[in-house]
Amino acid sequence: QRVSRCMLNEKLEGEPETVVVTPPPMSFFDKMKSGAKSAASSTERAAKKTKLQAEIKLLEDNIKDLKKGFGLCAFDHMDTGDQGALQEAFQQFKEQIDAKKEKIADKRTKISALEAAGEKD
């Protein structure tokens, strides 16, 4: 593999006009070390991604539970005709759900960053 060419000032008889400079060969252990680092990095990214996906699933389940809880609460308030309490309950549940949705969006952004880092390797 040619890295660079150096022109000699004078041509010597029987000598080539250019000198080819090649990098030193990578040793077997250097190759193993490089491959191990790459594999470890890839494994670490995969573990982080899996953890984030599990956290997203948990948050999505929490949102479903909150919606079910609101339904029970809403039924009771509608049964008694208390529209003010119904609206207040809705706001409280909505705030909790919106906070969980923000966390989900943040975790998805982190997953995208991990995937992008993996594509660079």
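**Figure 1. Asp106 and Lys110 form a pair within helix α2.** Asp106 is partly exposed, with a relative accessible area of 39%. In this predicted model, Asp106 forms a salt bridge with Lys110, and the closest N and O atoms are 3.5 Å apart. Lys110 likewise counts as partly exposed, at 42% relative accessibility. The two residues are four places apart in helix α2, a separation of about one helical turn. An α-helix has 3.6 residues a turn, so residues three or four places apart point the same way.

**Figure 2. A salt bridge joins Lys49 to Glu115.** The closest N and O atoms of Lys49 and Glu115 are 2.7 Å apart. Lys49 belongs to helix α1 and Glu115 to helix α2, so this salt bridge ties together parts that are 66 residues apart in sequence. Lys49 is partly exposed, with a relative accessible area of 25%. Glu115 is also partly exposed, its relative accessibility being 36%. Side chains of opposite charge can pair when their charged atoms come close.

**Figure 3. Lys107 forms a salt bridge with Glu55.** In this pair the closest N and O atoms are 2.7 Å apart. Because Lys107 lies in helix α2 and Glu55 in helix α1, the pair ties together parts that are 52 residues apart in sequence. Lys107 is buried, with a relative accessible area of 16%, whereas Glu55 is partly exposed, at 21%. Together with Lys51, these two residues are linked in a network of salt bridges. The salt bridges of the model number eight.

**Figure 4. Lys100 is buried yet has no salt bridge.** Lys100 is found in helix α2, which covers residues 83-120. Which side chain of opposite charge is nearest to Lys100? It is that of Asp65, which is 9.2 Å away. A salt bridge requires the nitrogen and oxygen atoms to be within 4 Å, so Lys100 and Asp65 do not form one. Leaving out residues up to four places away in sequence, Lys100 touches Leu59, Asn62, Ile63 and Leu66.

**Figure 5. Helices α1 and α2 contribute to the largest nonpolar core.** This core has 10 residues in all: Leu52, Ile56, Leu59, Ile63, Leu66, Phe93, Ile97, Ile104, Ile111 and Leu114. Helix α1 (28-80) and helix α2 each supply at least two of its residues. Phe93, one of the core residues, is in contact with Leu66, Gly69, Phe70 and Cys73 when neighbours within four places in sequence are left aside.

**Figure 6. Helix α2 is viewed along its length.** Helix α2 has 38 residues and reaches 55 Å from its first C-alpha to its last, close to the 56 Å expected at 1.5 Å a residue. Its buried residues include Ala85, Leu86 and Ala89, as well as Lys100 and Lys107. Among the elements of the protein, helix α2 has the highest mean pLDDT, 94.

**Figure 7. Strand β1 has the lowest mean pLDDT among the elements.** The mean for strand β1 (residues 4-7) is 42. Over residues 1-10 the pLDDT is below 50, although this stretch has 21 contacts in the model beyond near neighbours in sequence. The protein as a whole averages a pLDDT of 82, and 75% of the residues score at least 70. From the N terminus on, its elements run β-β-α-α. Of its 121 residues, 14% count as buried.

How values were computed:
Residues are numbered from 1 along each chain as its sequence is written. This is a predicted model: local features need pLDDT of at least 70, side-chain atom pairs count only at pLDDT 80 or more; totals for chains, interfaces and linings use all residues. Side-chain values use heavy atoms; hydrogens and water are left out. Buried means under 20% relative accessible area, exposed over 50%, partly exposed in between (1.4 Å probe, protein chains only). Lys and Arg count as positive and Asp and Glu as negative; His and the chain ends are not counted. Contact means heavy atoms within 4.5 Å. pLDDT is the predictor's confidence in each residue, from 0 to 100. A nonpolar core is a set of buried Ala, Val, Leu, Ile, Met, Phe, Trp, Tyr and Cys residues joined through side-chain atoms within 4.5 Å. The expected span of a helix is 1.5 Å times one less than its number of residues.
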